[in-house]
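Good morning, everyone, and thank you for making time for this. I would like to walk slowly through one structure with you, so please have a look at it before I go on.

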Amino acid sequence: MQNFQLYEHASTFPEKSYTRGSWQQGYQSLKQEFDYWISDVEGQIPPELHGTLFRNGPGLLDVNGHRIHHPFDGDGMISRITFSNSRAHFSNRFIRTIGYLEEQKAGKILYRGVFGTQKPGGWLANAFDLKFKNIANTNVIYWGDKLLALWEAAEPHRLDPYTLETLGKEYFKGVLSEGEAFAAHPRFDPSGSINGGEPCLVNFSIKPGLSSTITIFELDLTGAIVRKQAHSVPGFTFIHDFAITPNYCILFQNPVAFNPIPFVAGMRGAGECIKFQPNQKTRIVVINRNPDKKGVQILETHSGFVFHHANAFEVDDEIVIDSICYESFPEVKPESDFREVDFDALKPGQLWRFHVKLNEPPVWRELLENRCCEFPCIHPSKVGRPYRYLYMGAAHAETGNAPLQAFLKVDLELQERQFWSAAPHGFVSEPIFVPRPGSEKEDDGWLLGLVYDSTHHRSDVVILDANNLNLGAVARLHLKHHIPYGLHGNFTSEVFVP
């Protein structure tokens, strides 16, 4: 179909691979909740593809017509795509947080958003109201037989994986206290050395301040928190993601400052009070995962901003970290409209590799991928280990900044690239790599992604052969509707169909 055609030659393309108007359409609320077998399928769903893809993201970009200021303030909506016997089932459901239920009943915004959404009534109505709504909109994981919706500023919400019904908040048998943060970017260690070789989930939380507290959690296969350690680091921290190796947790402390006065005074959201400090260096915080080896090591590298890490691994006495880096933090301004972003005025995110030797500065880095890229993913067995293949969302053009319209595969060993584009009318979200059952080849499997089709105002579930993206889509599953641009998700081999 034309909207998914892969353009191999720049001469066949307009000056830009997209129009802002087409991209903007993906930022419309999806207020309906669906439950159906997907019948409109191009190609064939691989019979070996068996399991469930869960996705999370802001489903509401307005409350009863009142726009939120930034998509990161939108209420979380889970999308579930289940694959079984070459068929696929779709369902979506909003997470029934307390704030969501209250605002839907009232028909208006009742809570301030972290990224600038204000209650009606101007600054007087917002001054000294420091409560946040747990919007549960950033990630969703299935671990320890529990489906959890994550938002990094508070505790998770537990959902029924079959019905997506909200069951309540999850405190891990009292290890988490009410309101305690549990970040939205856990890492799944395929073989935890401190856990007797069993897989484990590693996560963190941040309590920011003049001196910030970083807490590390490790969960066993039953979903129980078996290790918890807290460390204090100097300065304010704004950290979304982290990386792990068998021995370490690595966090990038971005050089930002927080001025709380406009937030407390009701004039700005908390996220709008964060300012990038270009004259300060980025700090790399390294924490030993073994609680008996306490202590934090902090090293410095070039000034920049990191949202997401691809992976980290150890080679002899060196830690290698691959990360998507920006020149600065894209600040959110009170008068701005995220739908009107000028991509040409912003520097793109690019893939960099950092080489760290503990107690032996300096850190040195190298550029791995120049193309605008985001949302990296790898084979799950390679988390924290040396790896070869990396998959990312990417811009269609090789240079400059633009919306993500393509999927890019990077062979880090041979420095080869594979590329699949949905331009000019398609816009992609985070890809998810699913290994082929029983295969030992690192790139043998499928790449799953949601693609917004602006021509038909609907989203497609795209299945690509991860071994060769250049072959085009194995299957395209056309949904009956669109899904607003999402954030993160995960795949499980478990099948959940009501």
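Let me begin with L351, which, once its neighbours within four places in sequence are set aside, is in contact with A310, D322, S323, I324, E366, L367, L368, E369, C373, L390 and M392, where contact means heavy atoms within 4.5 Å. Before I continue, I should say that this is a predicted model, in which local features need pLDDT of at least 70 and side-chain atom pairs count only at pLDDT 80 or more, while totals for chains, interfaces and linings use all residues. Residues are numbered from 1 along each chain as its sequence is written, and side-chain values use heavy atoms, with hydrogens and water left out.

L351 also belongs to the largest nonpolar core, which has 51 residues, and together with F204, I214, F238, L251, F305 and M392 it touches the most other members. By a nonpolar core I mean a set of buried Ala, Val, Leu, Ile, Met, Phe, Trp, Tyr and Cys residues joined through side-chain atoms within 4.5 Å, and buried means under 20% relative accessible area, exposed over 50%, and partly exposed in between, with a 1.4 Å probe and protein chains only. Apart from this core lies another, of 25 residues, including L53, A88, W446 and L477. As background, nonpolar side chains in soluble globular proteins tend to be buried together.

Now to the segment before α1 (20-24), where we find S17; helices (H or I, at least four residues) and strands (E, at least two) are DSSP runs, numbered from the N terminus. Is S17 buried or exposed? S17 counts as buried because its relative accessibility is 8%. Residues up to four places away in sequence not counted, S17 touches H396, Q405, A423 and P424, and with Q405 it shares a side-chain polar contact of 2.5 Å. A polar contact is a pair of N or O atoms within 3.5 Å; within protein, one must be able to donate a hydrogen and the other to accept it, and residues adjacent in sequence count only if both atoms are side-chain atoms.

Two of those partners, A423 and P424, are joined by a cis peptide bond with omega of about 5°, and P424 sits in the loop between β29 (416-421) and β30 (426-428). Another cis peptide bond, with omega of about 10°, joins P361 and P362, and P362 is in the loop between β24 (350-357) and β25 (364-369).

Next, consider T282, in strand β20 (residues 282-288), which counts as buried because its relative accessibility is 3%. The side chain of T282 reaches the backbone oxygen of G304 at 3.0 Å, and G304 is also among the contacts of T282, which include F252, Q253 and P255.

Finally, let us look at two residues for their backbone angles. D145, in the loop between β8 (139-143) and β9 (146-150), has a phi near 60°, a positive value in a residue other than glycine. F172, in the loop between β11 (166-169) and β12 (187-189), likewise has a positive phi, of about 50°, although it is not a glycine. Which of the two words, buried or exposed, fits D145? D145 is exposed, because its relative accessible area is 63%, whereas F172 counts as buried, because its relative accessibility is 4%.
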